[in-house]
Amino acid sequence: MKDVLVIGGNRYFGKRLIALLKESGHRVVILNRGSSDAPDGMEQLVADRDDEAALESVLAGRSFDVVVDQVCYTPRQAEIARRVFAARTRRYVMTSTVEVYAYEDSAAPVAESALDLGTVVVDTGLAWDDPEFREAHYGEGKRQAEAVFAGADGAGPLSAGAGGTGSPSERADAAGSPFAWASVRVAHVLGGADDFTGRLDHYARRIRAGEPIAVPVVNRPATYVYVEEIAAFLAWAAVGSDFTGPVNAHSHGPLTTAEICAEIERRVGGRTVFQEVEVGEISPFSFARSYGMDNSRAVALGYPFSHSSSWLADAVAETIDGVAR
């Protein structure tokens with residue numbers, strides 16, 4: 001049994017992560033701004049993670065075996081977390097994103113080493129407190145946040161690969177790190193009646209009506225993960241493994257826009273009509289550049305990902321029908 005603090009996690013796969021940790025017998029504490037209540041029987045701490053003094057106050061006298069940070073979007077937030085949790089946890093897992101590879105365009109799946117966090121320029125002076133700026137620079141905010149944590153880790157972004165030596169604590173101590181750090185670079189997530197993104201609904205509405213779906217002239221496949229699987233992976237990363245540094249997390253089997261739309265068409269009827277555009281806005285889950293991820297590091301570390309073909313139909317059904325499996 002471990003003491004786990006989850007920052008955020010009040011919706012979508014974060015809720016599933018919390019449920020899995022609790023079902024596994026771990027003591028779970030939730031920290032958020034109080035906009036939603038913690039599940040029954042679970043302790044909740046209320047503070048704004050951007051307010052360092054408030055965090056220090058609510059965490060006074062507390063420590064945790066592991067912290068899972070679901071809502072770290074900026075380098076400022078990462079810097080605060082480094083300071084506040086330096087003496088309060090042995091392990092820190094940040095939920096990151098495939099969008100850290102937004103500058104990549106590789107026909108081959110992108111490995112973690114494609115992004116050298118040591119070269120990322122961290123600029124805490126940017127308008128990170130502006131919600132519109134933060135949303136427009138989502139991938140960059142995550143890149144810089146990872147770079148802040150990697151600087152704290154000091155052992156390099158792939159310090160605990162399949163053939164790494166020494167325990168995370170030994171490596172962290174050697175580097176002067178306050179805690180062992182890991183980031184989970186999450187692929188595009190599909191499934192769940194509570195999918196709040198509206199992306200699959202975007203396609204369903206157009207397919208039902210036979211309306212054009214804007215896609216790039218060259219439309220690249222991408223890597224995806226089922227909502228239940230990414231929750232399970234994060235739980236494993238938090239309490240079932242001791243790797244450090246970044247890891248790509250996605251199901252096997254990249255998907256194309258056409259494959260996703262074909263499954264939606266089978267579910268709702270209608271007709272898929274693609275309209276190729278050279279400039280202008282394109283539909284979600286269509287990509288002019290190729291940066292599908294390589295999950296072989298996670299596999300080598302021992303995680304058995306499923307194949308997208310095993311869950312795509314369920315994922316579409318759950319989201320389109322609004323009913324969980």
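These are my notebook entries on four helices, α9, α11, α1 and α8, in a model that is predicted.

**Entry on α9.** I looked up helix α9, which runs over residues 257–268, and found that its twelve residues reach 16 Å from the first C-alpha to the last, close to the 16 Å expected at 1.5 Å a residue. I then listed its buried residues, which are Thr257, Ile260, Cys261, Glu263 and Ile264. Looking down the axis of α9, I noted that these buried residues fall within an arc of 160°, so they line one face of the helix. For what covers them, I recorded β7 (188–190), α7 (199–209), β8 (212–216), β9 (224–226), β11 (273–277) and α11 (312–321) among the elements. After α9 I found glycine 269, with a positive phi near 80°.

**Entry on α11.** I turned next to α11, where seven of the ten residues are buried, so the helix is largely enclosed by the rest of the structure. I wrote down the buried ones as Leu312, Ala315, Val316, Ala317, Glu318, Thr319 and Ile320, and I noted that they pack against β7, α7, β9 and α9. Just after this helix, glycine 322 has a positive phi of about 70°.

**Entry on α1 and α8.** I checked how helix α1 (residues 13–23) packs with helix α8 (residues 227–239), and I noted an angle of about 50° with the axes 8 Å apart. That angle makes α1 oblique to α8, and their crossing is right-handed. On the α1 side I listed Phe13, Arg16, Leu17, Leu20 and Leu21 as making the contact, while α8 contributes Val227, Glu228, Ile230, Ala231, Ala232, Leu234, Ala235 and Val239.

Terms used: Residues are numbered from 1 along each chain as its sequence is written. This is a predicted model: local features need pLDDT of at least 70, side-chain atom pairs count only at pLDDT 80 or more; totals for chains, interfaces and linings use all residues. Side-chain values use heavy atoms; hydrogens and water are left out. Helices (H or I, at least four residues) and strands (E, at least two) are DSSP runs, numbered from the N terminus. The expected span of a helix is 1.5 Å times one less than its number of residues. Buried means under 20% relative accessible area, exposed over 50%, partly exposed in between (1.4 Å probe, protein chains only). The arc is that of the directions from the helix axis to the C-beta atoms. Contact means heavy atoms within 4.5 Å. Axes are lines fitted to C-alpha atoms, for helices over the stretch in contact, and angles run from 0 to 180 degrees between N-to-C directions. Angles under 35 degrees count as roughly parallel, over 145 as roughly antiparallel, 65 to 115 as roughly perpendicular and the rest as oblique. A crossing is left-handed if the near helix is turned anticlockwise from the far one by less than a right angle, and right-handed if clockwise.
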